[in-house]
Amino acid sequence: MADRALRGMTIGAKSMESEDGVEFAERQMITYECPLAHVTTVPMSTEAEVPQTWECPECGQVAALRGEEEPEDDEPKKAPRTHWDMLLERRSIDELKVLLDERLKLLRSGEIYRRRF
């Protein structure tokens, strides 16, 4: 009897489940545009965080969110600290000159290569 019920069905190709009682998530259509003017529309959940960029399916370049402009920051951005900035927090320029002279003296005398740590 089970053989008759599945006769003619492509098993695995079609679902036997129905969509009765299923609540789908609310969707919004998000539009992206790449530098070559390809427009891509992607359906996303209204609860999802919308990414600012999307890969263009036609050319593979980065597409930007259409209609969105970069928000302007009122506060000026703080420059990142470099290694030199952090070094100057620990030592003065005069101390660094003394250390440099010591290391150059060791390097020129060849003593720096003879040391084993």
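What pattern does the protein chain follow when read along the sequence? In this predicted model, the order is α-β-β-β-β-α-α-α.

## Overall make-up

The secondary structure of the protein chain amounts to four helices and four strands. The chain has 117 residues, and 10% of them count as buried. Its exposed surface is about 11,300 Å², with 51% supplied by carbon and sulfur atoms.

Contacts between residues at least 6 apart in sequence were also sorted by separation: 21% of them join residues at least 24 apart.

## The sheet

The four strands form an open sheet in the order 2-1-4-3, and the pairing is antiparallel. Strand 2 (39-45) and strand 3 (53-55) are at the edges; each has a single partner strand, so one side of each has no neighbour in the sheet. From one strand to the next, the twist averages 40°. In general, the strands of a sheet pair through backbone hydrogen bonds, in either a parallel or an antiparallel arrangement.

Strand 1 (residues 27-33) pairs with strand 4 (residues 62-65) in the antiparallel sense, over two bridges. Y32 has L65 of strand 4 as its bridge partner.

## The aromatic pair

The structure contains one aromatic pair. The ring centres of Y32 and W54 are 5.6 Å apart and the ring planes are at 25°; the pair is therefore stacked, since planes under 30 degrees apart count as such. Y32 belongs to strand 1 and W54 to strand 3, so the pair ties together parts that lie 22 residues apart in sequence.

Are the two residues buried or exposed? Y32 counts as buried because its relative accessibility is 0%, and the cut-off for buried is under 20%. W54, in contrast, has a relative accessible area of 32% and is partly exposed.

## Surroundings of T40

T40 is located in strand 2, which is one of the edge strands. T40 has a relative accessibility of 11% and therefore counts as buried.

Which residues does T40 touch, leaving aside those up to four places away in sequence? The contacts are I30, T31, Y32 and P57. Among them is Y32, a residue of strand 1 that also takes part in the aromatic pair with W54.

## Y32 in summary

Several of these features involve Y32. The residue is buried at 0% relative accessibility, has L65 as its bridge partner, stacks with W54 and is touched by T40.

Methods. Residues numbered from 1 in each chain as written. Predicted model: local features only at pLDDT ≥ 70, side-chain atom pairs only at ≥ 80, totals over all residues. Heavy atoms only, no water. Buried < 20%, exposed > 50% of the residue type's maximum accessible area, 1.4 Å probe, protein only. Contact = heavy atoms within 4.5 Å. Areas by Shrake-Rupley, 256 points an atom, 1.4 Å probe, with all protein chains shown as cover. Pairing = 2+ DSSP bridges. Axes fitted to C-alpha atoms, helices over the stretch in contact; angles between N-to-C directions. Phe/Tyr/Trp six-rings, centres within 6.5 Å; stacked < 30°, edge-to-face > 60°.
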